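Please open the model in the viewer and keep the selection panel at hand. The tour moves from one selection to the next and states what is found at each stop.

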Amino acid sequence: MPFISQIQRQSDYHRFPPSVPIVIDNGASYFRIGWAGESEPRIIFRNIVQRPRHKTTGETVTIVGDHDTALLKYFDCTRSGPRSAFDADVVFQFEIMEYILDFAFDRLGADGSEIDHPVLITECPCNPVQSRSKMAELLFETYGVPSVAFGVAAAFSYKYNQKRGICDRDGLVICSGFTTSHIIPFLNGEPVYEACCRTNVGGYHVTDYLKQLLSLKYPQHMSRLTWEKVEDLKMEHCYIAQDYASEVELFQKGTKEAEEKNRCWQLPWTPTPVELPPSEEEIARKAALREKQGQRLREMAEAKRSSKINELENELNGLEFLLQQLQHVGENDIPSFLSTTGYVSKQEIESAIVKTTQSLRKAKGEQVENEEKADTSNPEKYNLINVDDSMLTPEQFKEKKRQLFLKTTSDGRQRARQKRMDEESQREKQNKLEEAKRLENPEAYLEQLRAKYTNLSEKIEQKKRLKTNGGNTNGNGFSGGVGRGERLSAAQKERMRLLTTAAFDRGKGEDTFGIRDEDWHLYKLMSKDNDDDDEKQDEDEAELSRISSRLRDIDPTFIPKIDAGSSVSEAPRPRPLTKEDFQIILGVERFRCPEILFSPNIIGIDQAGLDEMAGVSIRRLPSKVKGTEEGMTNSILITGGSCLYPGMSERLESGIRMIRPCGTTIRINKASDPILDAWRGAAAYAAKVQFSQQTIKKMDYYEKGEDWLRKYQFRHSRAEEKKQITCFRVSSEIFANWIHNVYMSTL
């Protein structure tokens with residue numbers, strides 16, 4: 001990665017005399033600062049500022065440049081994200097710029113607030129005079145620099161590579177930066193800013209587009225796709241396609257060549273531990289442990305049972321003793337005698353003795369007789385059921401209702417128990433018959449069972465479809481749209497008919513439904529218990545479940561369908577996560593994201609691409625230099641962080657060749673170091689003697705103000721200087737001759 005931060009504080013600041021300029025490459029992505037004449041910048045950091053609050057103290061701190069994620073856990077960064085001083089490569093947030101310059105000068109080794117060195121700082125081409133004026137005001141008034149010079153980073157990079165023989169005096173420089181891309185033509189070693197072009201697409205948009213695509217493709221790994229990591233993936237794996245349409249078609253077909261171009265990023269992943277079968281020693285150890293635990297549980301259960309038996313025996317003895325005492329008490333004295341015991345009558349005590357005796361026998365493991373059957377035939381317990389209501393007192397009437405409820409409940413339980421016993425016996429007989437059939441001819445039995453399973457499944461599914469869509473079809477065998485009445489079964493339709501008839505008969509006059517006892521017979525007819533279709537459907541589902549269970553037992557290859565009768569669907573079983581679930585595959589994204597440099601309309605920016613801007617820039621040249629167009633395309637330099645993609649030179653050459661005349665010489669050269677050449681070119685020029693003539697003095701700024709900055713333009717060649725020296729020599733000779741003539745006339 002070329003983007004490496006260097007923020008270690010320098011200690012040799014005072015070794016440089018005040019005449020040595022400080023060189024600043026103020027890029028939208030990275031800030032570089034160093035001394036003139038050196039080959040490398042001293043300080044490099046991200047050109048961003050973040051001001052979070054401490055979670056404990058609430059104090060706001062300022063973090064400039066790169067940050068340590070381990071330290072940021074102590075700060076609340078939700079309300080203060082990274083902020084930049086740039087908007088489309090133009091500085092407009094000078095409060096943030098002041099934080100950045102404070103940090104840069106401090107890292108360079110400056111102790112005081114005054115900077116007594118000239119400053120050369122880069123800016124974008126055709127920088128607005130308001131931004132340049134604010135920057136000059138910040139440097140002069142806040143830091144007290146003696147002089148300032150403003151230059152374009154792309155121009156410094158071109159001049160630096162021109163000295164190394166990579167490009168000529170006439171040519172084009174294509175600078176694709178962080179947020180913008182520029183194309184500047186050069187004539188006789190000087191940039192022609194009147195013909196430059198710019199588009200608001202750069203490395204930031206490529207990274208953001210790649211982050212969006214990967215987040216949509218892998219939403220489960222969105223937390224892993226941080227801005228820094230996506231930028232690393234972009235610089236490591238992205239490339240420029242020579243023919244975008246052909247490359248997309250290649251990936252759409254999914255050929256082997258496309259698979260070879262895929263790149264995989266493996267996320268941290270811990271495989272699921274494989275459970276090995278336990279050894280014999282482990283099995284024996286677990287069996288002994290289970291036996292020991294079972295023995296302990298049995299002992300605890302036995303102790304609990306003994307305690308319960310003792311409690312029941314004591315309770316039974318107490319009840320028997322109380323019953324013996326009641327024999328010596330008169331009938332009138334029984335309520336007062338039982339008032340302190342919690343019982344009301346002698347019958348209640350006898351009932352409690354019976355229940356306690358049953359519980360005691362059950363606790364001892366003895367066979368408990370069917371007391372309910374005896375209670376049913378016991379006339380003493382239900383002695384009021386057959387007595388007429390007119391012969392009973394209010395208390396006896398209540399007791400009769402209670403006895404009737406108890407008898408009905410007991411009879412119902414007995415009938416249900418008898419029904420279950422009959423069903424179990426019937427099921428056992430059926431199982432014995434089926435087992436005999438299976439042993440007689442296993443293959444025929446299995447085939448018959450499968451056929452019955454298939455028929456029942458289709459039958460239940462057909463019933464569900466009819467219940468949902470009705471029996472009508474649209475002529476093609478498919479169910480058509482039907483109403484509510486056509487989806488009802490026969491029993492449901494009968495209930496609706498009864499209800500409609502009752503409403504019609506009673507609706508002509510006063511509503512008297514429910515007065516007569518026979519009216520309530522209608523509810524019995526409408527009850528769900530009389531729904532034969534539903535009962536039949538339940539029987540079919542139960543039979544299907546039984547056959548499915550039987551097939552599972554005798555046929556290991558049987559795979560049951562989704563139970564048609566199950567009302568609650570089973571939750572899908574999650575499969576174990578594998579290594580492939582923690583992989584991020586970069587396929588078409590590798591060339592789709594950098595393609596926005598040539599087709600910004602992919603991300604909704606209606607501007608020209610790099611190859612089209614080159615033709616526009618050449619056409620904007622003044623008419624007097626139109627003959628040098630071929631020389632322009634013969635020396636094209638690409639620089640900036642976004643020109644590092646493989647295939648950039650070839651794609652630019654093919655794109656420019658399509659818009660230039662046939663036979664035009666096109667030569668694309670990449671800068672020796674597209675990242676640092678701008679700073680190196682500025683540092684090399686600042687070390688020259690004539691640099692002081694390109695600077696703006698503090699006194700000139702205070703005297704001439706913003707108008708001086710509007711006319712200011714950095715010159716890279718010495719032709720203008722030679723012209724100024726020649727004019728000075730001519731003026732000196734004229735002045736000397738004039739003095740000589742004046743002197744001679746006085747004589």
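Begin by selecting Tyr-204, which counts as partly exposed because its relative accessibility is 35%. The model is a predicted one, and every value quoted on this tour is to be read in that light.

Add Phe-178 to the selection. Phe-178 is likewise partly exposed, with a relative accessibility of 21%. Phe-178 and Tyr-204 form an edge-to-face aromatic pair, with 5.8 Å from centre to centre and 65 degrees between the planes. Phe-178 belongs to the loop between β12 (171-176) and β13 (181-187), whereas Tyr-204 belongs to helix α4 (residues 203-217), so the pair ties together parts that are 26 residues apart in sequence. The count of aromatic pairs comes to 16.

Next, select Phe-251 and Phe-591. Their ring centres are 5.4 Å apart and their planes stand at 45 degrees, so this pair is tilted. Phe-251 lies in helix α6 (residues 244-253) and Phe-591 in helix α17 (residues 589-592); the pair thereby links distant parts of the chain, 340 residues apart. Are these two rings buried or exposed? Phe-251 is buried at a relative accessible area of 17%, and Phe-591 is buried at 0%. Extend the selection to Tyr-239 and Tyr-244: ring pairs link these two residues with Phe-251 and Phe-591 into a cluster.

Proceed to helix α8 (residues 280-326) and helix α10 (residues 346-364), whose axes are 9 Å apart and which pack at an angle of about 155 degrees. Because this angle is over 145 degrees, α8 is roughly antiparallel to α10. Their crossing is left-handed. To display the contact, select residues including Ile-309, Leu-312, Leu-316 and Leu-319 of α8, together with Ile-349, Ile-353, Thr-356 and Leu-360 of α10. By class, the contact of α8 with α10 has 12 nonpolar, 3 polar and 7 charged residues; among the residues in contact are Arg-305 and Glu-313 of α8 and Lys-346 and Glu-350 of α10.

For the final stop, select helix α18 (residues 610-619) and helix α20 (residues 648-659). The axes of α18 and α20 are 8 Å apart, and the packing angle is about 50 degrees; α18 and α20 are therefore oblique to each other. The crossing of α18 and α20 is right-handed. Leu-610, Asp-611, Glu-612, Ala-614 and Gly-615 of α18 meet Met-648, Leu-652, Gly-655, Ile-656 and Ile-659 of α20 in the contact. The residues of this contact divide into 6 nonpolar, 2 polar and 2 charged.

How values were computed
Residues numbered from 1 in each chain as written. Predicted model: local features only at pLDDT ≥ 70, side-chain atom pairs only at ≥ 80, totals over all residues. Heavy atoms only, no water. Axes fitted to C-alpha atoms, helices over the stretch in contact; angles between N-to-C directions. Helix = DSSP H or I, 4+ residues; strand = E, 2+ residues; numbered from the N terminus. Parallel < 35°, antiparallel > 145°, perpendicular 65-115°, else oblique. Left-handed = near helix turned anticlockwise from the far one by under 90°. Contact = heavy atoms within 4.5 Å. Nonpolar A, V, L, I, M, F, W, Y, C, P; charged D, E, K, R; others polar. Phe/Tyr/Trp six-rings, centres within 6.5 Å; stacked < 30°, edge-to-face > 60°. Buried < 20%, exposed > 50% of the residue type's maximum accessible area, 1.4 Å probe, protein only.
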